[in-house]
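Me: I'm new to this one and would love a close look at a single part of it. Could you pick one place where two pieces of the chain meet, and walk me through it and its surroundings?

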Amino acid sequence: MHDEHCGCEKYLREGIEFIQRENWREAKNCYEKALTFHDDNPVAWANLGMCYDSLNDEDRALECYNKALAYNPHHKHALVNKGGLLARNKMLVEAIDCFRKALQADPQFEAALINLRKAITELEQMKGSQPT
């Protein structure tokens, strides 16, 4: 058990280092390895989703964000990243829901607040431009 925990943590730390250098493929590999130790780790799933998102594999990214949220429905980073992906695909109502949930988890989470405001503005503009 201790070795599994250490292995998972090692790969999580390495993944963060690769993310900071925007080396998405190596970060992805680290999170996939971390999940071989603990496949119920929401941080690993959320970060793996961010890697796939950055590698333009939105379907896999969404799957990863959903898995992270299945293990921790209040994971603010998974919520904001999922919301961002949804907003880019014009699924604004769903994106707004994600941003609001992230703010419920952390009312001071600036990324959630900024993205929520942008999504609401975009949704209002889309509604305003629709013929009546």
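Reply: Let's start where A46, M50 and D53 in helix α3 meet A78, N81, L85 and R88 in helix α5. Sorted by class, this contact has 4 nonpolar, 1 polar and 2 charged residues. Please keep in mind that you are looking at a predicted model.

Before going closer, it helps to see the whole. The protein chain has 7 helices and 0 strands, so its pattern along the sequence is simply α-α-α-α-α-α-α. The C-alpha atoms fill a box of roughly 60 × 30 × 20 Å along the principal axes. Of the 132 residues, 41% are buried. Among contacts between residues at least 6 apart in sequence, 41% join residues at least 24 apart.

Now back to our meeting place. Two packed helices are described by the angle between their axes and the distance between the axes. For α3 and α5 the angle is about 25 degrees, and the axes are 9 Å apart. That makes the two helices roughly parallel, because an angle under 35 degrees counts as such. Their crossing is left-handed.

Let's take the α3 side of the contact and follow that helix. α3 covers residues 42–54, and its length works out nicely: at 1.5 Å a residue, its 13 residues should span 18 Å, and its end C-alpha atoms are indeed 18 Å apart. The helix is mostly covered, with 10 of its 13 residues buried. Among those buried residues are A46 and D53, both of which you have just met in the contact with α5. The others in the buried set include P42, A44, W45, L48, G49, C51 and Y52.

N47, also in α3, deserves a moment of its own. Its relative accessibility is 14%, so it counts as buried, the cut-off being under 20%. What does N47 touch, once neighbours within four places in sequence are left aside? It is in contact with I16, I19 and Y31.

Y31 leads us to another partner of α3, for Y31 belongs to helix α2 and helps make the contact between α2 and α3. Helix α2 (residues 24–37) packs against α3 at an angle of about 150 degrees, with the axes 9 Å apart. The pair is therefore roughly antiparallel, since an angle over 145 degrees falls in that group. This crossing, too, is left-handed. On the α2 side the contact is made by W24, A27, K28, Y31, E32, A34 and L35; on the α3 side it is made by A44, W45, N47, L48, M50, C51, Y52 and S54. By class, these residues come to 11 nonpolar, 2 polar and 2 charged. Look for M50 in particular: it takes part in this contact with α2 and also in the one with α5.

Now cross over to the α5 side. Helix α5 runs over residues 76–88. Its length can be checked in the way we used before: 13 residues at 1.5 Å each should span 18 Å, and the end C-alpha atoms are 18 Å apart, which agrees. The buried residues of α5 are A78, L79, V80, K82, G83, G84, L85, L86 and A87. What do these buried residues pack against? They pack against α3, α4, α6 and α7.

One of those neighbours, α4 (residues 58–71), packs against α5 at an angle of about 145 degrees, with the axes 9 Å apart. The crossing is again left-handed. In α4 the contact involves E58, A61, L62, Y65, N66, A68 and L69, and in α5 it involves A78, L79, N81, K82, L85 and R88. These divide into 8 nonpolar, 2 polar and 3 charged residues. You will recognise A78, N81, L85 and R88 here, because they are also the α5 residues that meet α3.

Finally, let's see how the chain leaves α5. Just after the helix, K90 takes a positive phi of about 60 degrees. Next comes M91, in the loop between α5 and α6 (92–105). M91 is partly exposed, with a relative accessible area of 36%. M91 and L123 are 32 residues apart in sequence and 9.3 Å apart in space, C-alpha to C-alpha.

To put the picture together: α3 is roughly parallel to α5 and roughly antiparallel to α2, while α5 also packs against α4.

Notes
Residues numbered from 1 in each chain as written. Predicted model: local features only at pLDDT ≥ 70, side-chain atom pairs only at ≥ 80, totals over all residues. Heavy atoms only, no water. Axes fitted to C-alpha atoms, helices over the stretch in contact; angles between N-to-C directions. Helix = DSSP H or I, 4+ residues; strand = E, 2+ residues; numbered from the N terminus. Parallel < 35°, antiparallel > 145°, perpendicular 65-115°, else oblique. Left-handed = near helix turned anticlockwise from the far one by under 90°. Contact = heavy atoms within 4.5 Å. Nonpolar A, V, L, I, M, F, W, Y, C, P; charged D, E, K, R; others polar. Expected span 1.5 Å × (residues − 1). Buried < 20%, exposed > 50% of the residue type's maximum accessible area, 1.4 Å probe, protein only.
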